[in-house]
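Me: I would like to go through this structure slowly and ask, at each step, where the wording comes from. Please set each value beside its cut-off before you conclude.

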Amino acid sequence: MKIGFYSKMAWMGIRKNRRLYTPYLLTCMGMIMMYYIICFLEESSILAGVPGGETVQGMLEMGANVMKLFAAIFLFYTNSFLVRRRKKEFGLYNILGMGKRNLAVILVCESLMTAGLSFALGLFAGIAFSKLAELGMINILRAEANFSLNVEPGAVRDTVLVFAIIFVLILLNTLRQLHLSNPIELLHSEQTGEKPPRSNALLAFLGAILLGGAYYLAVSIEDPIEALVWFFIAVAMVIAATYMLFIAGSVTLCRILQKNKSYYYKTNHFVSVSSMAYRMKRNGAGLASICILSTMVLVMLSSTACLYIGTEDSLRTRYPRNLNVDVESLRVLASEEAERIRSLALGEAEEAGLEVEDVLDYQSAAMGAYVKEDGQIVLDELSNYSYSDIWQIFLVPLEDYNHIMGKQETLEQGEVLVYSTKKDFKGNEITIGNLSSMKVKEHVADFADNGVDAMQIIPSLYLFLPDYEESIAPIAELANTEENTGLSFHWYYAFDMDGSDKAQTQMQSRLEEKLEAEENGAYHISVEGVARERAGFYGLYGGLFFLGILLGVVFVFAAVLIMYYKQVCEGYEDQSRFEIMQKVGMTKADIKRSINSQILTVFFLPLLTAGVHLAFAFPMIHKLLVLFSLTNWKLLLGVNVISFLVFAVFYVLVYHITSRAYYSIVSTPEA
């Protein structure tokens, strides 16, 4: 046979099955388009030149790797729907005299056509929308845009290479299935039901145990470090448990409904329940996939959107004042040295025409240590302890606390005020090493932070001491004899300023130059400013948000396509059964009621389960966002609720559309 015959057969097969091929081609095109856009932005010289752009490109490199893996897995998964539907057709060709080699040539031609259309349309759409994506990213970074349109050859090359490999692997897998099958199996592939799992109860029990364990981890972990360590383990447990419970649950649900005669033997329930029982394992796996993808979209979009919306909150948590001067010394800084540095900072602000306000001025001594529940602070090699047990200790003069907080607290010798962050400290005594114990007079509710605590992922314990130099001397002597726990003395001077970011950045640069001359062997000065760091924060959080949008769109595509193929494939499988039911008196109104019964019975379970997953994940997500200096849990809660409601509306609309596709198939007699 000539190659033209095979190409005509391939094109006819695609056209005949356009209800299946059209969404598959659109998905391939969408995957190629999204991957090209990610690669384009990753290599964009315009984006690289924007403040924070390099940070974004680092995020996008990670996103490109995620996209490769997901595209391969998902296109394999969706192609399996096509292969299952085409098996009957190939079996008929085989019986009519066309050998497996001839069928293989047709499949190769179909794959070439599919790949060619996907590359042509996907790259065209990617190039067309890449500039829009670049402008959107630059807008997120609050920079000025360049409206020139260009094509990144490297991005085109990488996209073609990655998806060519994926298409070849899909073709080889399809040829393998064709080679291992026989004509009779192919002809009856759609009429073959599924046997329920033998260990149904065991599968459900294991799933419940895994899910309960994952939920317990999510709500019980208090330390952000532990949350980071256990997050991906908990995610894997939730994914495995979801598949187990949906597969086993669908079997159990069908059996329960079939035993309920008053429910089962009704026109609108009988067909839907029997069709679900016919494909129990695949039905459960499909619903679990939709649930997992929905959860991924909700978690990713809500967390990254919350980070981006709360960028300014995070920025000010890390840098509480517009300008922050940190003098690290070997001892308590002398008052005349502090006054000289203070005068330089105020002089530069005045020269730049910037008004100074909300000044923060205090001393502290800091060290890392292991803190027991009874208040014993152990000065030892920190590597001997779990990282989650380490605290950052800050020793602050009582007079500085009173000045900053507007208090008039007094302490006797041997008394101390305590303030803790990230983790509650409830001890009534503090004992540092082998020194005398200090009584905790009060656990204070707040203290003006300098940003160091926000930068640390370990909890902080502030001790406010009377007679500072006298109180701290024995502590410093003891700490400096222990390995890795020596005290570092700091003086913090910070204030807010009016004026533009540019003016503040210039003032900071001039101040840094003058303060360099002030440094000597006794102390080191560092200067940090909100204006200079803002671009980096927006680069990091904006990059995560943009990446969350891109991957969220991809995962939504995946969930929609699974819904669609689930409905269409089940529609073709149920078509002959509904045709028989119509011949014995079932009306189209009865068909609609049966379809609605199936929707209410199972298809909203993935959405509800995704909502439950999101609710239990909330505490752990909040702990993880604390690592990004975002502590506003009310913002996270609001974004989560809005994300779920918007997604639920979208989910209902998509399912309504795919249900109409199912109805149009089962209500039309098979030709």
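Me: What share of the chain counts as buried?
Reply: In this predicted model, 53% of the 671 residues of the chain count as buried, a word that applies when the relative accessible area is under 20%.

Me: What makes Val-156 "partly exposed" rather than buried or exposed?
Reply: Val-156, which is found in helix α6 (residues 153–180), has a relative accessible area of 23%. Buried would need a value under 20% and exposed a value over 50%, so with 23% Val-156 is called partly exposed.

Me: Which residues is Val-156 in contact with, leaving aside its neighbours within four places in sequence?
Reply: They are Tyr-36, Leu-123 and Val-151, where contact asks for heavy atoms within 4.5 Å. As for Ile-127, which is 29 residues apart from Val-156 along the chain, the C-alpha atoms of the two are separated by 9.1 Å.

Me: Why is strand β9 described as largely enclosed by the rest of the structure?
Reply: Strand β9 covers residues 488–497, and 10 of its 10 residues are buried, so the description follows from that count. Both faces are covered, since Ser-488, His-490, Tyr-492, Ala-494 and Asp-496 on one side are buried, and so are Phe-489, Trp-491, Tyr-493, Phe-495 and Met-497 on the other. This listing by sides fits a general pattern: in a regular strand the side chains alternate between the two faces of the sheet.

Me: How do you know that β9 pairs with strand β1 and with strand β2?
Reply: Pairing requires at least two bridges between the strands. Strand β1 (residues 323–329) is joined to β9 by 7 bridges, and strand β2 (residues 356–371) pairs with β9 over 9 bridges, so both counts satisfy the requirement. β1 and β9 run antiparallel, and the pairing of β2 with β9 is antiparallel as well. Leu-323 stands opposite Phe-495 in β9, while Gln-363 has Trp-491 in β9 as its bridge partner.

Me: Why are helices α14 and α18 called roughly antiparallel?
Reply: The axes of α14 (residues 335–351) and α18 (residues 501–518) come within 10 Å and cross at roughly 155°. An angle over 145 degrees counts as roughly antiparallel, and therefore α14 and α18 receive that name. The crossing in which α14 passes α18 is right-handed.

Me: What kinds of residues make up the contact of α14 with α18?
Reply: The residues divide into 7 nonpolar, no polar and 6 charged. Among them are Leu-344 and Glu-348 in α14, and Leu-511 and Lys-514 in α18.

Terms used: Residues numbered from 1 in each chain as written. Predicted model: local features only at pLDDT ≥ 70, side-chain atom pairs only at ≥ 80, totals over all residues. Heavy atoms only, no water. Axes fitted to C-alpha atoms, helices over the stretch in contact; angles between N-to-C directions. Helix = DSSP H or I, 4+ residues; strand = E, 2+ residues; numbered from the N terminus. Parallel < 35°, antiparallel > 145°, perpendicular 65-115°, else oblique. Left-handed = near helix turned anticlockwise from the far one by under 90°. Nonpolar A, V, L, I, M, F, W, Y, C, P; charged D, E, K, R; others polar. Buried < 20%, exposed > 50% of the residue type's maximum accessible area, 1.4 Å probe, protein only.
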